Amino acid sequence: MKIGPYVLPNGLAVAPMAGVTDRPFRQLCRRLGAGYAVSEMVTSRRELWTSLKTSRRADHEGEPAPVAVQIAGVDPAEMADAARYNIDRGAQIIDINMGCPAKKVCNAWAGSALMRNEPLARAIVESVVAACAPQGVPVTLKMRSGWSAAERNAVALSRMAEDAGVAALAVHGRTREQGFPGAAEYDTVAAVKAAVGIPVIASGDIDSPPKALAVLRASKADALMIGRAAQGRPWIFREIAHFLATGQTLPPPATSEVAGWLHEHLLDHYALHGEERGVRSARKHIGWAVRALPGGEAFRARMNTLTGAETQLQALREFFQALAAQHPQLPPPAQPSAPAADAANDARHDVSIRHCA
Ligand SMILES: Cc1cc2nc3c(=O)[nH]c(=O)nc-3n(C[C@H](O)[C@H](O)[C@H](O)COP(=O)(O)O)c2cc1C
């Protein structure tokens, strides 16, 4: 699949997830088979650009091309400035967020709330495309299927976006009203795909290789975006890529391999966030990685009491060494690992979603 001049190595993307898909996590997913990654969203509000959170999100050191940055906001001129600002800091693709359901975004008419205001959505798209065009930077748009079951207007917005110069679309098959609970549907993604000539990426509940194939078949989308199922399981990208290419299921990774990936991820994570903050924010990644493994829940509880990077790494080494002695290959989940179907996870996501802006 192509976005503007960029030919992606495959049609598997890491979904932008605020508070999750920072640069270390995106890089890990790219190494393990994702062909594309979009940054966590960056606010268009200029006064926040120098905040630690936003400047970390605009750090693309060592990230493979194309570097895609998502921006969120409500003001067309501000959004254009945010696009230029991020292009100056390395963005090669600018993605406009019309999908985030978070209240603090929606109250300000940003995120998915923009889907309810088509004239404003169009003004934002036109303004961002005009800012990016002179630099040859393609603009993409990520949206939900609509605001509510009664206002499912993704097709109209997609036509508008294509007409205004957007290079690709990502559609999460849920309405804003749905939030995260309930199942994603792909009829709207299929309708969008049939309505436009630009590439369409399907998003929502893709949590296994067979599900990926089913979504591709149902939607006829050009590519897939995987979010929650990659949390703690970033090798899902290579599993899906292998299955789509061969129809075969890859064996589970070696337990020692998983331990190595997690170790490297954490080193990158501490380097970006600093030790104190990094140790705290690493806990969620560790929790996702171990939650479905034997002894994982008890380990997760213990992990939350540990401080210091070396202590955290040492505890992980011991956990995985003990696991590898029993299970040289990563054992199948001891409990359902499909986050999309897991109510407890939905609650956790709602917490994370607050970090959207
Ligand atoms: C914690 C979390 C944060 C998210 N943050 C963003 C975001 O910043 N921008 C965005 O467009 N979508 C965001 N999303 C939505 C995802 O990109 C994706 O469309 C959605 O989770 C459905 O895909 P999944 O079922 O594979 O997770 C977020 C989702 C989660 C769970």
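In this predicted model, the axes of helix H3 (residues 76-88) and helix H5 (residues 118-132) come within 8 Å and cross at roughly 35 degrees, and the crossing of the two helices is right-handed. On the H3 side the contact is formed by Pro76, Ala77, Met79, Ala80, Ala83, Arg84 and Ile87, and on the H5 side by Ala123, Ile124, Ser127, Val128, Ala130, Ala131 and Cys132. Sorted by class, the residues of this contact comprise 12 nonpolar, one polar and one charged.

A second helix pair is made by H8 (residues 209-219) and H9 (residues 236-246), which pack at an angle of about 60 degrees with their axes 8 Å apart. H8 and H9 are therefore oblique to each other, and H8 passes H9 in a right-handed crossing. Pro209, Ala212 and Leu213 of H8 make the contact with Glu239, Ile240, Phe243 and Leu244 of H9; these residues divide into six nonpolar, no polar and one charged.

A third pair consists of H11 (residues 275-290) and H12 (residues 296-303), whose axes come within 9 Å and cross at roughly 170 degrees, which makes H11 roughly antiparallel to H12. Here Arg283, Ile286, Gly287 and Val290 of H11 meet Gly296, Phe299, Arg300 and Met303 of H12, and by class the contact has four nonpolar, two polar and two charged residues.

The three helix pairs are set out in the following table.

| Helix pair | Axis separation | Crossing angle |
|---|---|---|
| H3 and H5 | within 8 Å | roughly 35 degrees |
| H8 and H9 | 8 Å | about 60 degrees |
| H11 and H12 | within 9 Å | roughly 170 degrees |

Turning to the strands, the chain contains an open sheet of nine strands in the order S4-S3-S11-S10-S9-S8-S7-S6-S5, with parallel pairing. Strand S4 (36-37) and strand S5 (42-43) stand at the edges of this sheet, each with a single partner strand, so that one side of each is left without a neighbour in the sheet. At the S4 edge, strand S3 (residues 12-14) pairs with S4 in the parallel sense over two bridges, and Tyr36 in S4 is the bridge partner of Ala13.

Two helices can be placed against strands of this sheet. Helix H6 (residues 154-163) lies across strand S8 (139-146) and strand S9 (168-175), and runs at about 165 degrees to S8. Helix H7 (residues 187-195) lies across S8, S9 and strand S10 (200-203), and its direction is at about 155 degrees to S9.

Two loops carry backbone features of note. In the loop between helix H2 (52-57) and strand S6 (68-72) lies Pro66, which is joined to Ala65 by a cis peptide bond with omega of about -5 degrees. In the loop between S10 and H8 lies Asp205, and phi of Asp205 is near 65 degrees, a positive value in a residue other than glycine.

At the level of the whole chain, the domain assignment gives domain 1 (2-251) and domain 2 (255-326), and the centres of the two domains, taken over C-alpha atoms, are separated by 28 Å. The contact between them takes 10 residues from domain 1 and nine residues from domain 2. On the side of domain 1 that touches domain 2, helix H1 (residues 23-31) gives the most, with five residues, and by class that side has three nonpolar, three polar and four charged residues.

Notes: Residues numbered from 1 in each chain as written. Predicted model: local features only at pLDDT ≥ 70, side-chain atom pairs only at ≥ 80, totals over all residues. Axes fitted to C-alpha atoms, helices over the stretch in contact; angles between N-to-C directions. Helix = DSSP H or I, 4+ residues; strand = E, 2+ residues; numbered from the N terminus. Parallel < 35°, antiparallel > 145°, perpendicular 65-115°, else oblique. Left-handed = near helix turned anticlockwise from the far one by under 90°. Contact = placed C-beta atoms within 7 Å. Nonpolar A, V, L, I, M, F, W, Y, C, P; charged D, E, K, R; others polar. Pairing = 2+ DSSP bridges. Domains from an automatic or database assignment.
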